[in-house]
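Reader: Could you walk me through this one slowly? I'm new to reading structures.
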Amino acid sequence: AVIGKDVVSALWGNAVHMGRTAGFNMSGIKAFVPPLLSSLNSTEIAGLPIISAGLLHTQSDRYTVYAETKGENYRKLIFAQDRLVGMIFLGDVSRAGVYTNLIRNRIPLGDRREAVLQEAMSAIR
């Protein structure tokens, strides 16, 4: 889990990963379930696409939250130290898959954290 706790994840994408992994293993091909997200949603509201993943709301000082708005576009990124743990993109959802992958795989960014933040936020300027 993104925040280090086990939670029920009733998401279609996660079910597909688990089903594919089960099928491979039943056919004799060794496979493992990839990291899952307990929170991943995408939809369109009033003509604006929105995608969110990971931890979305926090008031703890364990996390650093960055948010920017430009016209109809909004982006919010939540970090726990050097890891991206949550995101919300509204309007321009370009490269959302990249950030979802960072969250899903708990990839430590180290000194690349600022570059990731700047790239994400510059997309809506």
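Reader: What's the strand order in the open sheet?
Author: The five strands of the open sheet come in the order β1-β2-β5-β4-β3, with antiparallel pairing, where strands (E, at least two residues) and helices (H or I, at least four) are DSSP runs numbered from the N terminus, and two strands pair if DSSP finds at least two bridges between them. This is a predicted model, in which local features need pLDDT of at least 70 and side-chain atom pairs count only at pLDDT 80 or more, while totals for chains, interfaces and linings use all residues. Residues are numbered from 1 along each chain as its sequence is written, and side-chain values use heavy atoms, leaving out hydrogens and water.

Reader: Which are the edge strands?
Author: They are β1 (40-45) and β3 (64-70), each of which pairs on one side only.

Reader: How many bridges join β1 to β2?
Author: Six bridges join β1 to β2 (residues 48-54), and the two run antiparallel; Asn 41, for instance, has Ser 52 in β2 as its bridge partner.

Reader: Switching to helices, which residues of α3 are buried?
Author: In α3 (residues 113-122) the buried residues, meaning those under 20% relative accessible area with a 1.4 Å probe and protein chains only, are Arg 113, Val 116, Leu 117, Ala 120 and Met 121. Seen down the helix axis, they fall within an arc of 120 degrees (taken from the directions from the axis to the C-beta atoms), so they line one face of α3.

Reader: And what covers them?
Author: The cover over the buried residues of α3 includes β3, β4 (73-80) and α2, with contact meaning heavy atoms within 4.5 Å.

Terms used:
Buried means under 20% relative accessible area, exposed over 50%, partly exposed in between (1.4 Å probe, protein chains only).
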